[in-house]
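Subject: Two-chain model, handover and findings

Hello,

Here is the structure I promised to pass on. My notes follow it.

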Amino acid sequence: MFIPGFLITLLTFPGVIVHELAHQLFCRYFKIPVFKVVYFQLGNPAGYVLHERASNKAQGILVSIGPFIVNTVVGALIALPAALPVFTFHTAGPLDYVLIYLGVSIAMHAFPSRGDANVIWEAMKESNTPAWVKFVGYPVVGLIYLGSLGSFFWLDLLYGIGVAVGLPNLIIRLLS
Amino acid sequence: MEETQTPEPAGTGQPVVCANCGQPGIEGDHPTPLCSDCREKFTKFPIPIWIKLFAAAVVAVMLFSLYSLPANISLGIHLAKGRKAAEDRRYVTAERELKTFTDKVPGNTEARERLLVAAYYNEDYEVFSQQVGKLEHVKMDDDEAYRETDRVMSDAEVLVPSDSFKVFTGSHPELNGVPDTAWQNYFRSNPDDNNARIQYASLLFDQKEYSGCDSIMQSILAAHPGNIPALMIGASAKRELGQYDSALAYNTRILAVNRESVMGLASEARTLLRQKEDAKALGMALQSYGLDEKEPYAQASLILAYHFNGRAGDRDALIKKAMQAVMDSAGRTTLQYALDVISKKEKFRD
């Protein structure tokens, strides 16, 4: 079934906003100047943050992968308590479905974009980049590209569902 | 959806000024030439009020989720433990966990089906009947829990007196005094009435007609091989007949149906005591009592096990505790049997 990308983006706009806000907050934390932020638009890209290149390469990587951390944690925390009534107890109310929608839409936008990968890639190529940063950075770039390719096959949605639904069941399996 | 970095400025040989305000006095060695004020301004790039409100709403939802998370996780753990225990045929654990879960989540059909099964195998007929009532008009999926419920409901026909048997008991209010010929006539007319058979076998057991009792049990077990009340009476009859290996075989069958059968474990402890395997019997009796401290049969069995293991202090403490507990007449009779064995009024073993 073909669903236009802009429709998915529109339906899951909370995730796009959280993604861009995460970039911005990581920049603010590392005192990296930000020149423009588009939190959401009906276009490609659906949002972006224009900021100065980080002098510290590790900080640059963290700014790029910040949304992966923030969207995953926020999406999981929102969906966690609702996933059990919806998928395990079968006694869910409307609020549980709202929480699942929010959690999945935020978690599915956790993947960094190819633009994020390009930023890390450029930083890795520079001669003054420490070896350990390259050691971490190149696999991260590879994973982002894989994720980006996978989004064509709904990998981002699967990731969102995995975080929102799989995680609570995993926690219960570990604790019971 | 991405982040974009500004390119580094190319060297022009001109004095470097702030890229934003054009003032001289660039701060630090950064890719973008900015004065300290502009750098400060851009590092604190404003977050619009609607984004702040959006973020606040997300945080509020997160806090609400975090508030309700522990309760739901705890319920999920009860359900998972209940399911696992039921799969392992540890039905005392299963009943405890599923009861806690269904008290809080009454609409979960699968948990209720599993609770019905666990209560049945634990011979907790009060909880069993409650679940039957609550599932009466509920649409159930044709899954493993439903199939197990169906098996149990079919087995439970042994518990329910038929209309014919109600007429029979109506015309014979004192079953103790019913002549044997009347029973035989009844069974000729109602050959499949296993509830009547159980009642008849219990009477024979009380009259110490253990062989007859056992043969009736065999006929019930042919139709209901896992029926715990029938297996229990069978084990007791074999023990009284001195056929301890056969008694233990019945106990093994009980524990194969329910690994945590309080009655099955206690019954096995009594058979082992008859065989003078006192230490092993004590272990079994403790296990049974540990699963249900309020069950008079488990209490009485542990009292006997303490007695034959020479632990008079523990025995007397348990007798005192059991006597103080509220007990029905059947419970008192069960306990009295142990007291009679101790006072040698009743012969338990040579």
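Lys31(A) lies in the loop between α2 and β1 of chain A. Helices (H or I, at least four residues) and strands (E, at least two) are DSSP runs, numbered from the N terminus. Phi of Lys31(A) is near 60°, a positive value in a residue other than glycine. Lys31(A) is partly exposed, because 14 other C-beta atoms lie within 10 Å. For burial, C-beta atoms are placed from the backbone; a residue is buried if 20 or more others lie within 10 Å of its own, exposed if 12 or fewer, and partly exposed in between.

Before the rest, the ground rules. This is a predicted model, in which local features need pLDDT of at least 70 and side-chain atom pairs count only at pLDDT 80 or more, while totals for chains, interfaces and linings use all residues. Residues are numbered from 1 along each chain as its sequence is written, and chains are lettered from A and ligands numbered from 1 in the order in which they are written.

**Other backbone points**

Arg89(B) also has a positive phi, about 60°, although it is not a glycine. Arg89(B) sits in the loop between α2 (49-87) and α3 of chain B. With 16 other C-beta atoms within 10 Å, Arg89(B) is partly exposed.

Chain A has a cis peptide bond between Asn44(A) and Pro45(A), with omega about 0°. Pro45(A) is in the loop between β1 and β2 of chain A.

**Where chain A meets chain B**

The contact takes 52 residues from chain A and 38 residues from chain B. Two residues are in contact if their C-beta atoms, placed from the backbone, lie within 7 Å. On the chain A side, the elements that give two or more residues are α2 (13-29), β1 (34-38), β2 (48-51), α3 (57-89), α4 (94-107), α5 (114-125) and α7 (155-175). The largest share of that side, eleven residues, comes from α3(A). By class, the side of chain A that touches chain B has 31 nonpolar, 14 polar and seven charged residues. Here Ala, Val, Leu, Ile, Met, Phe, Trp, Tyr, Cys and Pro count as nonpolar, Asp, Glu, Lys and Arg as charged, and the others, Gly among them, as polar.

One helix pair spans the two chains. α2(A) and α2(B) pack at about 105°, with their axes 11 Å apart. Axes are lines fitted to C-alpha atoms, for helices over the stretch in contact, and angles run from 0 to 180 degrees between N-to-C directions. The two helices are therefore roughly perpendicular to each other. Angles under 35 degrees count as roughly parallel, over 145 as roughly antiparallel, 65 to 115 as roughly perpendicular and the rest as oblique. Ile17(A), Val18(A) and Leu21(A) in α2(A) meet Ile51(B), Phe54(B), Ala55(B) and Val58(B) in α2(B). By class, this contact has seven nonpolar, no polar and no charged residues.

**Inside chain A**

How do α3(A) and α6(A) pack, and how far apart are their axes? The angle between α3(A) and helix α6 (residues 131-150) is about 25°, and the axes are 10 Å apart. The pair is therefore roughly parallel. Lys57(A), Ala58(A), Ile61(A) and Ile65(A) in α3(A) meet Val133(A), Val136(A), Gly137(A) and Val140(A) in α6(A). Six nonpolar, one polar and one charged residues make up the contact.

**Inside chain B**

The domain assignment, automatic or from a database, gives domain 1 (50-158) and domain 2 (166-342). Their centres, taken over C-alpha atoms, are 31 Å apart. The contact takes twelve residues from domain 1 and 18 residues from domain 2. On the domain 1 side, helix α3 (residues 91-104) gives the largest share, three residues.

Two residues of chain B are worth a look. Ile254(B) is in helix α12 (residues 244-257). Ile254(B) counts as buried, because it has 25 C-beta neighbours inside 10 Å. Not counting residues up to four places away in sequence, Ile254(B) touches Ile228(B), Leu231(B), Met232(B), Ala235(B), Ser261(B) and Gly264(B).

Phe205(B) is in helix α9 (residues 194-206). With 20 C-beta neighbours inside 10 Å, Phe205(B) counts as buried. The C-alpha atoms of Phe205(B) and Ile233(B) are 7.9 Å apart, while 28 residues separate them along the chain.

Best wishes
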